[in-house]
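Trainee: I am new to this structure and would like to know how its descriptions are justified.
Mentor: Look at the model, then ask.

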Amino acid sequence: MSETLTNFINGKHVAPKSGQYLDLVEPATGSVIARVPDSNADDVDAAVKAAAAAFPAWSTTPAIERSRIIMRIGALVEANLGRLAAAESRDTGKPVSFASTVDIPRTATNFNAFAAMIIGSASEFHAFEKGGVPGALDVGGFNYTLRKPRGVAGLISPWNLPLHLLTWKIAPAIATGNPVVCKPSEVTPTTSHILCDLLNEAGIPPGVVNMVHGRGQTAGAALVTHPDVPTISFTGSTPVGKWIGKECGDRLKRCSLELGGKNPFVVFADADLPAALPTAARAAFANQGQICLCGSRLLLHESIADEFVKHLVTWANQLKPGDPADPATKFGALTGAAHLEKVDSFVKLARDLGGRVLAGGARVDPADLPARCKGGSFYQPTVIDGLDPTCRVEQEEIFGPVVTIQRFKTDDEAVALANGTAYGLAATIFTRDLNRAHSVAARIDAGLVWINCWMVRDL
Ligand code: NAD
């Protein structure tokens, strides 16, 4: 019998007011495993009211006390690592080995790091001298910046690293004294549901963290447009982010948007190729290519391209999809049947446009999967060469295990290809030339450029 999840409002698990639920489907099997509240604007309003009521006391709780409670949450996440990783793997289809070494440890770090930061936090002051400001009174002085909690924060998160990305919002918000209403992705709700019990156990006061499950266009939109939520933090797709940005602009809400990527991974002729190859493969296929920072466009200097592609294809062919619950599995399922269809439609388009599919290019044959997984959403690691860099496959985010190849002759060509999409989230370059590394990194229009590595970062 499948489990029924609840919302979490004012410290209590509650059913959605409408009594409506969505089916939660396990991507690795295609089976319904739980029912998720299909919450509406009334549920969101109840959660916002609980958060607003908690604001006066939480925002004036001494930082050291907030920090102690948040540290306890971090410790409880660590103590429940196995249970949380199993739930994360089950909801997403990602290998449990990935969830237990990336998602859940990083979740604990989110709490621990922001609990520590709030204790050491400081502000700025700016002095000015007598006579230094024309037209002002002839006095000196200083300005200072006072950081104050803003009120209820609405936090909306995606499915690819569900608990890690949601807690990356919860931890800084509550550390700085702001209560939150969270709207986790409706396709991966279980770990945020488990987190609610850990919050109570850690001693978070009722109303400081509230969880409302449901669809984006109903529960998510009600949170974005709620008049008593002055701050929205969203991680997800670019089209939804654009809509949220407009709605927040109309209401003069403060809004943070972490959106999609189509990230270039550039390998120059002078690169350390034995280091670049496994990094490029990991950047293409980690979490089945469902990380916003994945290097989905591989740009290769023409002198090394053929050899590099040959090895990458071997790598992709050896990456065997398997049951995400098996600790030995390195490559799991895509997040659901609809997402698999989207990924496959891009591969079909690539073929129609004359692209050469050198590895993968199809869903995994059920005969190659364990019995439990025959109805699951498994797609082969895919390498595609020979597309025009301006075509849709090269321009739009696929968000699956699909990497495309482009070749360049000069540094200028590499930079033009790297910058040749509307995205600008991240990039990677591999070169042994220090001058080239820094000059190319500076010319790539991306928020984050890795040099000779990928996904190396700190909070
Ligand atoms: P999505 O935009 O479909 O959904 C993200 C969240 O927004 C979900 O909780 C969803 O229910 C909610 N939502 C959808 N429509 C909404 C609306 N109208 N109003 C309010 N909320 C709404 O994204 P997804 O498919 O869950 O996640 C994949 C996307 O997330 C990819 O584009 C990926 O690149 C991006 N992503 C970005 C980062 C980053 O840090 N930049 C990290 C992870 C994922």
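**Reasons behind the terms**

Mentor: In this predicted model, helices H4 and H5 are roughly parallel to each other.

Trainee: Why are H4 and H5 called roughly parallel?

Mentor: The angle between H4 (residues 96-120) and H5 (residues 162-175) is about 10°. Angles under 35 degrees count as roughly parallel, so the term applies to H4 and H5. Their axes are 8 Å apart.

Trainee: Which residues of H4 and H5 make the contact?

Mentor: On H4 they include Asp-103, Arg-106, Phe-111 and Phe-114, and on H5 they include Pro-162, His-164, Trp-168 and Ala-175. By type, the contact residues are 11 nonpolar, four polar and two charged.

Trainee: What makes the pair between Glu-186 and the ligand a polar contact?

Mentor: A polar side-chain atom of Glu-186 lies 2.7 Å from an oxygen atom of the ligand. A polar contact is a pair of N or O atoms within 3.5 Å, so this pair meets the cut-off. For Glu-397, the distance from a side-chain N or O atom to a ligand oxygen is 2.5 Å, and for Glu-258 it is 3.4 Å. Both pairs therefore count too.

Trainee: How much of the ligand does the protein cover?

Mentor: On its own the ligand has 850 Å² of accessible area, and the protein covers 88% of that.

Trainee: Which element gives the most residues to the shell around the ligand?

Mentor: Helix H7 does, with four residues. Strand S11 (231-235) and helix H8 (238-251) also give two or more. The shell divides into 15 nonpolar, 10 polar and four charged residues.

Methods
Residues numbered from 1 in each chain as written. Predicted model: local features only at pLDDT ≥ 70, side-chain atom pairs only at ≥ 80, totals over all residues. Heavy atoms only, no water. Axes fitted to C-alpha atoms, helices over the stretch in contact; angles between N-to-C directions. Parallel < 35°, antiparallel > 145°, perpendicular 65-115°, else oblique. Contact = heavy atoms within 4.5 Å. Nonpolar A, V, L, I, M, F, W, Y, C, P; charged D, E, K, R; others polar. Polar contact = N/O pair within 3.5 Å; in protein donor to acceptor, adjacent residues only side chain to side chain. Areas by Shrake-Rupley, 256 points an atom, 1.4 Å probe, with all protein chains shown as cover.
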